[in-house]
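The exercises that follow concern rings, charges and enclosed space in a protein model. Please work through each task with the structure in view before reading its solution.

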Amino acid sequence: MLYTQPFKRLFLGTALALGLMSSAHAADLQPLRVANQKSTIKALLEVSGETKNVPYAIQWSEFPSASPLGEALNANAVDIGALGDAPYVFALGAGGSLKVVSIIHAEGRNTTALLVPKDSPIKSVADLKGKKIVTGRGSIGHYLAIKALASAGLTTKDVQFIFLLPSESRLVLDNGSVDAWSTWDPYTTVVTSQSQARVLVSGRQLLSNHLYLAATSQAIADKRPQLDDFVARVDRAYAWANTHPDEYAAAQAKITGLPLEVHVEVAKDTHLTPVAIDDSVIRGLQATADTYQQEGLLTKHIDVSQGFDKSFNAKRVPLSQASR
């Protein structure tokens, strides 16, 4: 029987959700190209068993940070990837045809934090006036620094930003070249445990601490069954990680090279839960975009509501987990 492409995709999606995918139908599913930052989605899915019995190929691409990952999404070089609030805003600002298809909220002590050396005379955010802050340009750390400064009545003009990758950032914090580092886990745990850096302010109350799974519009049109299945696998994998922190940490440590105890501390201190795509989430991200425009980091207004697909909120029939 011949099907039109839209009907064929609908048929495949229904069959996949019901676990009725035959080998012939599975062969019709194109590979899903997934962008990955080390120690995130790939390690999570592998250790939780969610990469078993996948009825389509997953093609992984590794990226050192969120910025190049967003660029790859915009170039349609990958189909889906995970980004924090700020990096996703920059990806949208670059003109990408992207949509958030799933949101994971990370609740933890120091999921994001603004840190200073252990012997620093800086005791409050207000003390950062005239100081140097290292972070990644357009990263969630960058946004945290902006929010923290504003909470103390300061602006970005009151400090000097140094933009570096996390590995370089730790070096300049430890050697005293900068006064503070605005970053995220596992780096917050690394420098607080190994260098005894102090948390000046946590992003727990200042940021949403959401992780956005964003897909290209082309992937949503052409690979909806794969995306539905992949999102369900990620949801299940994070639920598994919440109850298996030691196993999850061990898998991450093998990839990052960071001490196992660092990842164990992060995993045990962080609870990850799915969040519905709703108007409150969109308003929160709009505030992030507006902040970046006010700071001159975005040259135009970005309507972030165009970067979400609420249809992925629809309840999918869960697949039985492959290995557990």
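**Exercise 1: A charge and a ring**

In this predicted model, the charged end of R224 sits over the ring of F312, at 3.6 Å from the ring centre.

**Exercise 2: An aromatic pair**

Task: Classify the geometry of the ring pair formed by Y88 and F308, and decide whether each residue is buried or exposed.

Solution: The pair belongs to a structure that holds nine aromatic pairs. The ring centres of Y88 and F308 are 6.4 Å apart, which lies within the 6.5 Å limit, and their planes meet at 80°, which is over 60, so the pair is edge-to-face. Along the chain the partners are distant, since Y88 belongs to helix α5 (residues 85–93) while F308 lies in the segment after α13 (279–294), 220 residues apart. Y88 has 0% relative accessibility and therefore counts as buried, and F308, at 7%, also counts as buried, because the cut-off is under 20%. Ring pairs further link Y88 and F308 with Y212 into a cluster.

**Exercise 3: The largest cavity**

Task: Establish which residues line the largest cavity, and of which classes they are.

Solution: One cavity of 30 Å³ or more is counted, and the largest cavity holds about 30 Å³ of space. Its lining consists of T135, G136, L164, L165, P166, S169, W181, T183 and W184. Assigned to elements, at least two of these residues come from each of α7 (166–174) and β8 (180–184), with β8 giving the largest share, three residues. Sorted by class, the lining has five nonpolar and four polar residues, and no charged ones.

Definitions and conventions: Residues numbered from 1 in each chain as written. Predicted model: local features only at pLDDT ≥ 70, side-chain atom pairs only at ≥ 80, totals over all residues. Heavy atoms only, no water. Phe/Tyr/Trp six-rings, centres within 6.5 Å; stacked < 30°, edge-to-face > 60°. Helix = DSSP H or I, 4+ residues; strand = E, 2+ residues; numbered from the N terminus. Buried < 20%, exposed > 50% of the residue type's maximum accessible area, 1.4 Å probe, protein only. Lys NZ or Arg CZ within 6 Å of the ring centre and 35° of its normal. 1 Å grid on protein atoms, 1.4 Å probe; cavity = no way out; pocket = protein on both sides within 12 Å on 5 of 7 lines; lining within 4 Å. Points joined across faces, edges and corners; volume = space filled by probe spheres on them. Nonpolar A, V, L, I, M, F, W, Y, C, P; charged D, E, K, R; others polar.
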